[in-house]
Amino acid sequence: MEPFAKDRVALITGGARGIGYASARNLSREGVRVAIVDINGDRVKESAHKLTEETGTPAIGIQADISLESDVAGMVAEANAAFGKIDIFLNSAAILADNLFLDSTPAEWDRMFKICLTGPMLCLRAILPGMVERNYGRVVCMASDSARLGQARLSYYAAAKGGVIALVKSVAQEVGRSGITLNVVSPGATNTELRQEREASMLKQMGPEKYDRRVKTVLKMYPAGRIGEPEDAAAMITFLLSDQASWVTGQVISVNGGFVMV
Ligand SMILES: NC(=O)c1ccc[n+]([C@@H]2O[C@H](COP(=O)([O-])OP(=O)(O)OC[C@H]3O[C@@H](n4cnc5c(N)ncnc54)[C@H](O)[C@@H]3O)[C@@H](O)[C@H]2O)c1
């Protein structure tokens with residue numbers, strides 16, 4: 001079996017950069033037409049253009065904020081208008097908030113949950129009916145090992161990602177008979193702009209000496225001896241989004257160089 005049947009169409013949120021973009025590139029190389037969606041309108045258009053140029057497969061960039069129901073409806077309509085359907089959905093869009101629980105505010109909680117948990121819920125509500133109708137679908141939502149383990153300074157993020165895991169497992173049970181699989185990919189530290197931005201602010205807060213010690217300590221936690229690259233997570237995501245992965249559903253798969261083994 002070919003990994004992807006002819007004419008597959010994917011929608012990828014947070015696809016302008018990072019793990020979302022690396023996954024879009026893999027699918028595009030396989031001939032999957034991809035609609036990448038991002039809140040950053042300029043970057044998403046630029047990334048879609050780059051994809052089409054590099055792979056020769058048509059890709060479009062759509063600006064949308066996944067925490068807004070009207071934007072989500074608009075993004076699905078635009079993808080359908082361009083490519084006729086959505087067979088594959090990856091939710092990679094997210095934000096990170098690095099703060100102690102006792103220093104965090106309820107307003108920050110609301111923002112985190114709107115983007116990281118309400119966002120995927122809105123997308124699933126908008127995309128799944130078409131998949132049910134066509135009796136085919138592949139879905140991956142991104143979580144984080146911080147949700148599986150808990151992580152100091154990331155309590156809001158970890159809580160929202162824990163919600164993603166529960167949502168995906170529950171929905172997977174409801175739509176399995178419609179040929180739809182839903183899984184979660186849970187990366188460890190991955191070298192994307194999201195992480196680079198957090199590391200830059202840590203360096204500023206800690207100063208070079210303390211920060212250098214932190215980098216060494218982090219590396220010791222990874223049996224593979226390195227943190228991940230976007231392509232590491234994208235390889236697993238690409239498999240789970242393929243036709244071949246029809247018997248994998250409701251799973252949480254860590255891609256983490258052995259950081260946690262659960
Ligand atoms: N990089 C890591 O170390 C790491 C670790 C664990 C989990 N993850 C998860 O993997 C996924 C991808 O992470 P990444 O490192 O590639 O992130 P990234 O920040 O590089 O990319 C995420 C993209 O999502 C977009 N986005 C943010 N809010 C949005 C919104 N409301 N609507 C639409 N788009 C929005 C951003 O503009 C950005 O382009 C995320 O869900 C993240 O939580 C990443």
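1. In α7 (193-206), residues M202, L203 and M206 meet P208, K210, Y211 and R214 of α8; two residues are in contact if their C-beta atoms, placed from the backbone, lie within 7 Å. By class, this contact of α7 with α8 has 5 nonpolar, no polar and 2 charged residues. Here Ala, Val, Leu, Ile, Met, Phe, Trp, Tyr, Cys and Pro count as nonpolar, Asp, Glu, Lys and Arg as charged, and the others, Gly among them, as polar.

2. The model is predicted: local features need pLDDT of at least 70, side-chain atom pairs count only at pLDDT 80 or more, and totals for chains, interfaces and linings use all residues. Residues are numbered from 1 along each chain as its sequence is written. Helices (H or I, at least four residues) and strands (E, at least two) are DSSP runs, numbered from the N terminus.

3. The axes of α7 and α8 (residues 208-220) come within 7 Å and cross at roughly 135 degrees. Axes are lines fitted to C-alpha atoms, for helices over the stretch in contact, and angles run from 0 to 180 degrees between N-to-C directions. The two helices, α7 and α8, are therefore oblique to each other, given that angles under 35 degrees count as roughly parallel, over 145 as roughly antiparallel, 65 to 115 as roughly perpendicular and the rest as oblique. The crossing of α7 past α8 is right-handed; a crossing is left-handed if the near helix is turned anticlockwise from the far one by less than a right angle, and right-handed if clockwise.

4. Helix α3 (residues 69-83) packs against α4 at an angle of about 35 degrees, the axes being 10 Å apart. This crossing of α3 and α4 is right-handed. On the α3 side the contact involves E69, V72, A73 and V76, and on the α4 side L122, C123, A126 and I127. Its residues comprise 7 nonpolar, no polar and 1 charged.

5. For α1 and α2 (residues 41-55), the axes come within 10 Å and cross at roughly 35 degrees, and α1 passes α2 in a right-handed crossing. Y21, A24, R25, S28 and R29 of α1 make the contact with S47, L51 and T55 of α2. These residues divide into 3 nonpolar, 3 polar and 2 charged.

6. An open sheet of 7 strands follows the order β3-β2-β1-β4-β5-β6-β7, with parallel pairing; two strands pair if DSSP finds at least two bridges between them. At the edges stand β3 (59-63) and β7 (252-255), each pairing on one side only. Neighbouring strands are turned by 20 degrees against each other on average, direction ignored.

7. Strand β6 (residues 180-187) pairs with β7 in the parallel sense over 4 bridges, and S186 stands opposite S254 in β7. Helix α6 (residues 155-175) packs on the sheet and touches β5 (137-142), β6 and β7; the direction of α6 makes about 160 degrees with that of β6.

8. Around the ligand there are 28 residues, of which G14, G18, A94, T192 and L194 come nearest; a residue is near a molecule if its C-beta atom, placed from the backbone, lies within 6 Å of it. Helices α1 (18-29), α4 (106-134) and α7 each supply at least two residues of this shell. The shell divides into 12 nonpolar, 11 polar and 5 charged residues.
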